[in-house]
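Hi! Here is the structure I promised to pass on to you. Have a look at it first, and then read my notes below.

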Amino acid sequence: MNKRRVSVLLIAVMALLSGCDESAQDPNVLLSEHQKDPIEALEITSDVDHSQFGYKQTFYVPIYSDIYTDRDARKVLLSATLSVRNTTFKKSLYINKIDYYDTDGALVKSYLNKPIELPAMATLNYIVEKEENKGGSGANFIIEVEGIDETVKPVIEAVMIGNFSNKGFAFSTEGTPVIH
């Protein structure tokens, strides 16, 4: 190969590799209205007086990143959508922790760098991709929320979807309050 062809080939490879921005492939960014990570978009930028809060709760949310089929105990990978919904008309819900654990109880990922504020009647949806199989069949989220008073109780759910052979399926789980 001559030097010109090698140079053109190297430039083409560099252009392709520079286009492999991980955030551009993240479904949470791609599917958001403003092409921004939905958690980062809700991060609190000013100080919040937590001493005014009368409600604080931790939730356990089961997530199945895979399940087994009855045929040959084959594992089927699932994608999951975590949904945290503020059910109040006028009050914000504050989320201090979204941590993802695997089947063995080991922390896989902490999703929050800063607390986030979920406005009244808003929903945070976050996708765990099918290819993320670190969680296993017993994966879960631990989510810590707080608000001004007891009326700011969220609805927290997860919806898993997958397919096996020519069949698609979906199911959901609900967040359960954790007693400390």
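Aspartate 149 is partly exposed, with a relative accessible area of 26%. That label comes from a simple scale: buried means under 20% relative accessible area, exposed means over 50%, and partly exposed is in between (1.4 Å probe, protein chains only). Its partner is lysine 91, also partly exposed at 28% relative accessibility. The side chains of aspartate 149 and lysine 91 meet in a salt bridge, 2.8 Å from N to O. Aspartate 149 sits in the loop between E9 and E10 and lysine 91 in the loop between E4 and E5, so this pair ties together parts that are 58 residues apart in sequence. By salt bridge I mean a side-chain nitrogen of Lys or Arg within 4 Å of a carboxyl oxygen of Asp or Glu. The E names are strands (E, at least two residues), which like helices (H or I, at least four) are DSSP runs numbered from the N terminus.

Before you go further, some ground rules. This is a predicted model, where local features need pLDDT of at least 70 and side-chain atom pairs count only at pLDDT 80 or more, while totals for chains, interfaces and linings use all residues. Residues are numbered from 1 along each chain as its sequence is written, and side-chain values use heavy atoms, with hydrogens and water left out.

How far can you trust it? pLDDT is the predictor's confidence in each residue, from 0 to 100. The protein averages 81, and 77% of the residues score at least 70. Over residues 6–10, though, the pLDDT is below 50, and that stretch has two contacts in the model beyond near neighbours in sequence. Residues 12–23 also stay under 50, with two contacts beyond four places in sequence. A contact here means heavy atoms within 4.5 Å. Where pLDDT is low, the predicted coordinates should not be read in detail.

Now the overall picture. The protein has four helices and twelve strands, and 38% of its 180 residues count as buried. Among contacts with a separation of 6 or more, 76% are between residues 24 or more positions apart.

Strand E9 (residues 140–147) is a good one to find on screen: eight of its eight residues are buried. In a regular strand the side chains alternate between the two faces of the sheet. In E9 both faces are covered, with Asn140, Ile142, Glu144 and Glu146 on one side and Phe141, Ile143, Val145 and Gly147 on the other. E9 pairs with E1 in the antiparallel sense over eight bridges, and with strand E5 (residues 93–101), again antiparallel, over seven. (Two strands pair if DSSP finds at least two bridges between them.) To check these by eye, look for tyrosine 55 with glycine 147, and tyrosine 100 with phenylalanine 141.

What else links E1 and E9? Lysine 56 in E1 and glutamate 144 in E9 form a salt bridge (3.9 Å, N to O). Lysine 56 is exposed at 53%, whereas glutamate 144 is buried at 17%.

A search of the whole structure finds three salt bridges. The one I haven't mentioned yet joins lysine 153 and glutamate 150, with the closest N and O atoms 3.5 Å apart.

Strand E4 (residues 79–85) is mostly covered too, with five of its seven residues buried. Seven bridges join E4 to strand E10 (residues 155–164) and six join E4 to strand E8 (residues 123–128), antiparallel in each case. Threonine 81 partners valine 159 in E10, and leucine 82 stands opposite tyrosine 126 in E8.

Here's a puzzle: which side chain of opposite charge is nearest to aspartate 102? It is lysine 134, 10.0 Å away, and aspartate 102 is buried yet has no salt bridge. (Lys and Arg count as positive, Asp and Glu as negative; His and the chain ends are not counted.) A polar atom of the aspartate 102 side chain does lie 2.9 Å from the backbone nitrogen of aspartate 104.

Finally, a word on backbone angles. Most residues other than glycine have a negative phi. Methionine 121 has a positive phi of about 65°, and serine 165 has one of about 60°. Methionine 121 is in the loop between strand E7 (116–118) and E8, and serine 165 is in the loop between E10 and strand E11 (167–174).

Technical notes
A polar contact is a pair of N or O atoms within 3.5 Å; within protein, one must be able to donate a hydrogen and the other to accept it, and residues adjacent in sequence count only if both atoms are side-chain atoms.
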